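Trainee: I'm new to this one. Could you walk me through it, one question at a time?

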Amino acid sequence: MLFSTFSTALEELEQLSSRLDMTERLAQLFVQLDSSELAPASYLMQGSLVPPYLSLEFQLSTKMLLRAIARVPSDFVVGSSLSLFGDEDGSSAEIEVNKRYKKVGDLGQVVAEWMQVTNSGLTILEVHAALEKIARFSGTGSQDTKLSAVVALLSSVDGVSAKFIVRIILGKVRLGFSAMTMLDALSWAVVGDKSHHKLLEDAYQKRADIGVLAETYLADIVASKTDPVAVLAAYSVKVGIPVVPALCHRLNSSQEIIDKMGEVIAEPKYDGLRVQIHFKRSGFQDGTTVRAYTRNLDDVTHMFPELSELKNSTDEEALILDSEAIGYNPETNELLPFQETMTRKRKHDIGAASEKVPIKFFVFDVLFRVNIGLIDKKLRERKDVLKGLFKNNRTFELASYIITSDPVLLREYHEDQLSKGLEGAVIKKVDSDYQSGRKGWKWVKIKEEEGTSGKLKDTLDVVVMGYYAGRGKRSQFGIGALLVGVLDETESVKTIAKIGTGLSEKRLVDLKQRCDSFAVEKMPSQYVVDGSLAPDVWVHPSLVIEIAADEITRSPNHTAGVALRFPRLMSIREDKNWTDATSIAELDSLQ
Ligand code: ATP
């Protein structure tokens, strides 16, 4: 398919607001793609060249792209006045592009209007290859090489293609649909409805790579239509590709937990970073033996040099482990608070950080071993496998646990963990498979009440939808309050609160900066907002914040149908995607 046809489809998708319409249009696009285009096109739709867990970044700033656009030769530019292109370094054109960018706020839109309409004939695969080359240039002088390559690419495409090329490079494709909508669309492409969604979602959770899944499922549409289970049979857990992590439900009392789950395993809830470890002794393509992914499927291997010790700590050939990484004091062996563990998030001083704050991985699950997928096995069996995996070492430790069906013992265990400074207990059904996400009552946490009566039992993670310019003293910051929302079952974001109180000046400035990097002109298509609450600046769904509140009350104004009393900002959840935000269905368990 021509890249311009693909870009036109993306532009159409961008205009749609109903999830059903998007699903149908996406399905149409999927069936028009050649099998070799399915994977790259799927990644491009998600705004990336490769599946998100591989992360290949362009390392090109907005400023560099402005410069590249300005350097596109004048023959390709709409209504170019020669005077703009008179100077050799293109500086007048750069000023003009900059001016337009400041006005429109979206460099994709600027380039679309800037470029001459030409039909380039470049295909999706050709543009993908050209972009990949640009992303992979590295070393001295690579910025200049990248710049020239971007100019060359932009000079050979039309405006709509250029718009998406620029957005892809900037990581701002923002089409407004999630991986879940893509799964709906795949099903729609084959059977004309969403009936294969569950099957596709189960597959995706085991191997979170939508490109490979699309390839597998659409390769033989007739076979997929008649026997999708057989078609997807080979698409299972694969070392090196993240499994979508299991998450907890919330229940109030240990009695309720035992009533619902029967016999359980209870483990300490460590306050660290969730890390899924993939190990392949024979090495991945680049020769390394380990990969580490967060709960958001981001690759954080670089953060943990101590993972290279895994090959000496086990005799296994290949493993996928689920763990919580947590810093400890090497002298006292004491576990450290989350903030100290995270000192190594910055890329440059990891070496120093790993000496000062070494990390221990508390391994609580094993999902794959040599050629055996363990994901469908019972937790009890997986725990037995874990027992034999590690040799004596300081870095990988099995999470301790008890097995019980006694609510009193469970309560005591939970309180014991709290008194040790941990976050309480995580409770898991003994006879359950590994279930990604929050489906089924397989993993549960008990969250403590905040103490004072009337407060909600747990915090909410909400999507920042926009902000209001401040009034009075706050007008100097340009931001006074945030509009935030929760998810409904179709992944629409519905408003639940305006948060203005409890924000320090420093916080306000930081929030404005973060919001501005996701600011968009129009209300994003997945938002449902009452006109009276429209913010001054809309923010594309991306930023997730944790808020506490006193009560959930009915609300005629908020589209979630409820509002929060005394909402206050607790933290910015950098580890969460907007699709991980609290859902309306979960609100009940918070009261
Ligand atoms: P929170 O808001 O409490 O941090 P969350 O929304 O990130 O939780 P939950 O599903 O509520 O995620 O809790 C699961 C998280 O608890 C895991 O992602 C993991 O990081 C952490 N955790 C700590 N100890 C364990 C354990 N023993 N087993 C599983 N998860 C654990």
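Trainee: Is leucine 297 buried or exposed?

Mentor: Bear in mind that this is a predicted model. Leucine 297 sits in the loop between β4 (290–293) and α16 (310–313). Anything under 20% relative accessible area counts as buried. Leucine 297 has 15% relative accessibility, so the word for it is buried.

Trainee: What is the phi of leucine 297?

Mentor: Most residues other than glycine have a negative phi. Leucine 297 isn't a glycine, yet its phi is positive, at about 70°.

Trainee: And glutamate 491, what is its phi?

Mentor: Look in the loop between β13 (481–487) and β14 (493–499), where glutamate 491 is found. With a relative accessible area of 14%, glutamate 491 is buried. It isn't a glycine either, and its phi is positive, about 65°.

Trainee: Let's move to the ligand. Which residues come nearest to it?

Mentor: There are 18 residues around the ligand. By class, that shell has seven nonpolar, no polar and eleven charged residues. Those that come nearest are Cys248, Arg274, Glu324, Lys445 and Lys576.

Trainee: Which strands each supply at least two residues of that shell?

Mentor: Find the ligand and look for strands that give at least two residues each to the shell around it. Those strands are β2 (264–268), β10 (425–429) and β11 (443–446).

Trainee: How much of the ligand's area does the protein bury?

Mentor: Start with the arginines. A polar side-chain atom of arginine 274 is 2.8 Å from an oxygen atom of the ligand, while for arginine 438 a side-chain N or O atom is 3.1 Å from a ligand oxygen. With arginine 573, the distance from a side-chain N or O atom to an oxygen of the ligand is 3.0 Å. On its own the ligand exposes 610 Å², and the share buried by the protein is 92%.

Trainee: How many disulfides are there?

Mentor: A disulfide needs two cysteine sulfur atoms within 2.5 Å. Cysteine 248 is buried at a relative accessible area of 13%, and cysteine 515 is buried too, at 0%. Going by the sulfur distances, the disulfide count is zero.

Trainee: Which elements help cover the buried residues of α4?

Mentor: Helix α4 covers residues 62–70, and its buried residues are Met64, Leu65, Leu66, Ala68, Ile69 and Ala70. Their cover includes α5 (91–104), α6 (107–114), α8 (142–155) and α9 (159–170).

Trainee: Is asparagine 371 buried or exposed?

Mentor: Asparagine 371 is in the loop between β6 (359–369) and β7 (372–373). Its C-alpha is 20 Å from that of tyrosine 293, with their positions 78 residues apart in sequence. Exposed means over 50% relative accessible area. Asparagine 371 has 72%, so it is exposed.

Trainee: Last one: which residues does methionine 570 contact, leaving aside neighbours within four places in sequence?

Mentor: Methionine 570 lies in strand β21 (residues 568–572) and is partly exposed, at 44% relative accessible area. Its C-alpha is 5.2 Å from the C-alpha of isoleucine 547, although the two are 23 residues apart along the chain. Setting those sequence neighbours aside, the contacts of methionine 570 are Thr459, Arg507, Glu546, Ile547 and Ala548.

Conventions:
Residues numbered from 1 in each chain as written. Predicted model: local features only at pLDDT ≥ 70, side-chain atom pairs only at ≥ 80, totals over all residues. Heavy atoms only, no water. Near = heavy atom within 4 Å. Polar contact = N/O pair within 3.5 Å; in protein donor to acceptor, adjacent residues only side chain to side chain. Areas by Shrake-Rupley, 256 points an atom, 1.4 Å probe, with all protein chains shown as cover. Helix = DSSP H or I, 4+ residues; strand = E, 2+ residues; numbered from the N terminus. Nonpolar A, V, L, I, M, F, W, Y, C, P; charged D, E, K, R; others polar. Buried < 20%, exposed > 50% of the residue type's maximum accessible area, 1.4 Å probe, protein only. Contact = heavy atoms within 4.5 Å.
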